[in-house]
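Here's a quick briefing to read alongside the model. Have the chains open and follow along topic by topic.

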Amino acid sequence: MDHASFIIGSYVLTIISVAAYAISIVRRGRKLGAITSDDDKPWI
Amino acid sequence: MTSRMQTVRRVSLAVVRKDLRIEWSSKVLLNQVAPFSLVIMIMFAFALDNEGILQRVAPGLVWLATLFSMLVIVQRSFAVETADGALDALRVAGTEPLGIFIGKSLALMVQLLALELMLLAIALVLYAVEPTAMGYAETFATMLIATIGLGFVGTLYGGLGAGARGRETLLPLLLLPAVAPVLIGATRATEAAFGSGGAQSSEGWPWIGLLAVFAGVFGAVGALAFGPMIEE
Amino acid sequence: METVVELSGVVAVLSNFPALAGIDLVVHRGEIVLLHGPNGAGKTSVLRVCAGLLPIERGEGSVMGVNLRTHRESVREQVGLLGHSNGLYLELTVTQNVSFWASTVGATEQEVALAMQRMKIDGRLAHVKASQLSAGQRRRCALASLIVRRASLWLLDEPHAGLDTAGQDELDAILQSAVSSGATVVLASHETQRSRLLATRVVKVDGGLISGSES
Amino acid sequence: MTTTQSTATPTTQKLGIATAIAVSFLVLSGLIFSAEDVVQGSTVRMMYVHVPSIWVAYLAFGLTALCSAVYVSNRSRSLIWDRFAGASAEIGVLFVAISLVTGSLWGRLTWGTFWVWDARLTSTAFLFITYIGYLAVRRLGGTFTQRARRSAIMALLAVLEIPLVHFSVNLWRTLHQKASIADPNAKVQLDGFMLFTLFWGLVSFSMLFAWLLIHRQRLMALEDAVQDQGLDRAIQERRTEAGR
């Protein structure tokens, strides 16, 4: 494949940045979920 | 409804007179903002050290200098209101927000127009621009309509900075992207008027139309949104 | 008796700090209520809540029948607030300031002249810039601007501060006459001697709460 | 993992697994299974991440505007609309950033340069800046209702600002200087499977958006709840001052 570094690079970049964002959301969610009561979590 | 319009008229007249009086007695525009924009124009000449380039980009430089100076004027316009809690007093007095918006916009427009005329004169001298008679007419039309739009949008975003105290630093980030259409439209129209880069003066009028749309949209939105914007 | 101010369990927040921690306060028409307490007790915030400036975070409140939670903007036409700051434009002269406030409410030239005369800022001071006034003179100027507003609820924050004895007497007389013509006054002060004589009721504020009252 | 502790529920877990599978298939399909374009060659593979990213960004900003409008018009002033608007804008900013970066990489391959002052690129850059400003306004502090009202106004202003900027930038590039760069997508002749891959990209990124949005919105509710707890504690502390 021509230009493999650019093409694979953009796939990797996209996936890594979204994954990093998703992981940070989930981790912050767990951290705050532990110190809040279930009344504050209407989705349960 | 008519009585509300009368109130709006009365309040906006009072506000515009008050703002211009403050400017008249403090001379901030004359003593600080005008020299600042002069410095910008001279610095541009240093940065773009080439007569041909300067003539070509003169319209853009005039409008960039206008926008940067506008940030200072808008901040000043609302600093006056918050210095001794006058904005609080206006809000408590239940002063018609539409009247405040129109009044402050008008005062801003007058100041901007004065500044633009000065910048135009500087550009004519320093950047060796020579418009035709038609070109002058087009330049003044551009200035007038662009200034109306800038006055509305500057007052609208300035109100946010004042309502949220101490957050004036946010103003450039919010205001500059919003006035991008004015920068584009006014620069192109002025280019046509100046004949920069071989532009024909007839090419300017569609851009003036764009400026008029901008002024209309932000005038209407500002009338609706200014009241909630200056609330805490 | 007609209720003018009614606050119950009001919590108000100033950038994450609970300035009011659950205030209960009822004020009837014709009263002169003195809010008394140490610095930072929440007196100013009570006045700002009543003026519809500070939003209510928890609890309920109404002023002259207007719900402060939902319509705090519409209460303002009927209140006059004199805060810590005077709300003056420092670059304008005394007359220009008072006239500006008068023109926003549609008061006449005559009313302006009368108000300035009452606060004794008409003669020589009339054409002095506000930035060159002493603290007491600025206070007089702000009071004159307030008089032309013809409010039916007066909210005053440390109104006597900075005024000389003559000015304080004049202020007291103005408040008395406003009350006798149907207005209501709430004032906050930690300098109580003078205010106590004026007030019909004293309410103690501390820690963002009402901690007691005396008649 | 106990679900009561976090922002996840069985539904979002299922959605998350489905999204992961869908995105994995997109990567395989985009990089390996799909054919190369006649004109663009392998660089057409950039399209399968670039186009879905900008699609998600538009979706997100549209949702921000919609939720802000609902917040403003709804009498109940429910904060959930504000949270959805804020969460959506944050995700939108992330995806605009991704599409700007992937787009300029793609541009380097097809145009030979990372950036051109093309109408679409320029107005996308303005879109990015405008919503960074929106997020800054959200962080101004104050109470939740103050935040909600302020940011709802900003979001609705952005809705006006974006078309104006887009329109004027378009006019700038068409009237002023004849556009020298054609749209890269226009040159592409998509065969059936390439079209399917692009479509798959749109679907899987939309699922990704939904998953992120739900979690971010719930996280924001938790953040608000923590701030509220702080307020409760502060009120208690404040009340004890009165005893002294």
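What follows is a short tour of one chain, its contacts with two others, the confidence values, and a couple of backbone oddities.

This is a predicted model. Chain D gets most of the attention here: it has seven helices and zero strands, and it makes contact with chain B as well as with chain A. About 3,300 Å² is buried between chain A and chain D, and about 2,400 Å² between chain D and chain B.

**Chain D by itself**

- Reading along the sequence, you get α-α-α-α-α-α-α for chain D, with zero strands to break up the run.
- Chain D has 244 residues, and 53% of them are buried.
- Take the contacts in chain D between residues at least 6 apart in sequence: 81% of those join residues at least 24 apart.

**Where chain D meets chain B**

- Chain D puts 24 residues into this contact, and chain B puts in 27.
- Of the roughly 2,400 Å² that the two chains bury between them, 79% is on carbon and sulfur atoms.
- Three leucines are worth picking out: Leu140(D), Leu157(D) and Leu164(D) account for 23% of the area that chain D buries against chain B, more than any other three residues.
- On the chain D side, α4 (119-138) and α5 (144-176) each bring at least two residues to the surface touching chain B.
- The largest share on that side is from α5(D), with 17 residues.
- By residue type, the side of chain D that touches chain B splits into 16 nonpolar, five polar and three charged residues.
- How many salt bridges are there between chain D and chain B? The count is zero, and there is one residue pair in polar contact, with both residues at pLDDT 80 or more.

**Where chain D meets chain A**

- This contact draws on 31 residues from chain A and 42 residues from chain D.
- Carbon and sulfur atoms give 76% of the buried area of about 3,300 Å².
- There is one salt bridge between chain A and chain D. Glu223(D) pairs with Arg28(A), and their closest N and O atoms are 3.6 Å apart.
- Three residue pairs are in polar contact across this interface, both partners being at pLDDT 80 or more.
- The chain A side that touches chain D is made up of 17 nonpolar, eight polar and six charged residues.

**Confidence in chain B**

- Chain B has a mean pLDDT of 88, with 96% of its residues reaching 70 or more.
- Which helix of chain B has the highest confidence, and which the lowest? Helix α5 (residues 97-126) of chain B is highest at 93, while helix α4 (residues 86-92) of chain B is lowest, at a mean of 84.

**Two lysines with positive phi**

- As background, most residues other than glycine have a negative phi.
- Lys27(B) goes the other way, with phi near 55°. You'll find Lys27(B) in the loop between α1 (2-26) and α2 (28-47) of chain B.
- Is Lys27(B) buried or partly exposed? Lys27(B) counts as partly exposed because its relative accessible area is 30%, and the buried class stops at under 20%.
- Lys120(C) also has a positive phi, about 55°, although it is not a glycine. Lys120(C) sits in the loop between α4 (109-118) and α5 (135-147) of chain C.

Conventions
Residues numbered from 1 in each chain as written. Chains lettered and ligands numbered in written order. Predicted model: local features only at pLDDT ≥ 70, side-chain atom pairs only at ≥ 80, totals over all residues. Heavy atoms only, no water. Contact = heavy atoms within 4.5 Å. Buried area = accessible area lost by both parts, 1.4 Å probe. Salt bridge = Lys/Arg side-chain N within 4 Å of Asp/Glu carboxyl O. Polar contact = N/O pair within 3.5 Å; in protein donor to acceptor, adjacent residues only side chain to side chain. Helix = DSSP H or I, 4+ residues; strand = E, 2+ residues; numbered from the N terminus. Nonpolar A, V, L, I, M, F, W, Y, C, P; charged D, E, K, R; others polar. pLDDT = per-residue confidence, 0-100. Buried < 20%, exposed > 50% of the residue type's maximum accessible area, 1.4 Å probe, protein only.
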